[in-house]
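Let's take a walk through this model together. Have a look at the chain first, and then we can go from its surface to its core.

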Amino acid sequence: MSGAAGAGPGGAAGGGHWVELKPAVWETVVRACDCCGQVVPKRLWVVDVEGRERRFCGLECESLYRSYVLPKLAR
Ligand SMILES: [Zn+2]
């Protein structure tokens with residue numbers, strides 16, 4: 001098991017990182033975006049939100065989640 005950290009493309013916004021999904025993985029485990037609910041086919045944007053790991057289909061959903069979903073959850 002070697003960590004695939006280090007060579008991330010571009011500068012990420014927060015402390016998130018991309019997780020590549022291999023077919024063997026996503027065929028058995030369906031990964032859905034925590035924001036829009038879409039099934040993520042190839043890679044997940046995994047980021048720590050408020051101390052909890054969240055998975056999104058992209059950076060757009062992360063910001064969407066932070067601005068729309070989190071305030072509702074915080075009530
Ligand atoms: Zn999404």
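Before we start, one cut-off will help: a residue counts as exposed if 12 or fewer other C-beta atoms lie within 10 Å of its own, and as buried if there are 20 or more. Keep in mind too that this is a predicted model.

Let's put that cut-off to use on valine 30, which sits in the loop between helix H1 (23-26) and E2. Is valine 30 buried or exposed? Valine 30 counts as exposed, because it has 8 C-beta neighbours inside 10 Å. From there you can look across to proline 41: the two are 11 residues apart in sequence, with 8.5 Å between their C-alpha atoms.

Now step back to the whole chain. The protein chain has 2 helices and 3 strands, arranged along the sequence as β-α-β-β-α. Of its 75 residues, 17% are buried.

Where do the nonpolar residues gather? In soluble globular proteins, nonpolar side chains tend to be buried together. Here the largest nonpolar core has 9 residues: Cys33, Cys35, Val40, Leu44, Trp45, Val47, Phe56, Cys57 and Cys61. Strand E2 (residues 43-49) contributes the most to this core, namely 3 residues. Phenylalanine 56 is a good place to pause: beyond its neighbours within four places in sequence, its contacts include Cys33, Leu44, Trp45, Cys61 and Tyr65.

That last partner leads us to helix H2, which covers residues 59-73. From first C-alpha to last, H2 reaches 20 Å, close to the 21 Å expected at 1.5 Å a residue. Follow H2 along and you will meet a kink of about 40 degrees, centred on tyrosine 65.

How values were computed:
Residues numbered from 1 in each chain as written. Predicted model: local features only at pLDDT ≥ 70, side-chain atom pairs only at ≥ 80, totals over all residues. Core = buried A, V, L, I, M, F, W, Y, C linked by C-beta atoms within 7 Å. Helix = DSSP H or I, 4+ residues; strand = E, 2+ residues; numbered from the N terminus. Contact = placed C-beta atoms within 7 Å. Expected span 1.5 Å × (residues − 1). Bend = angle between axes of the 7 residues up to and from the residue.
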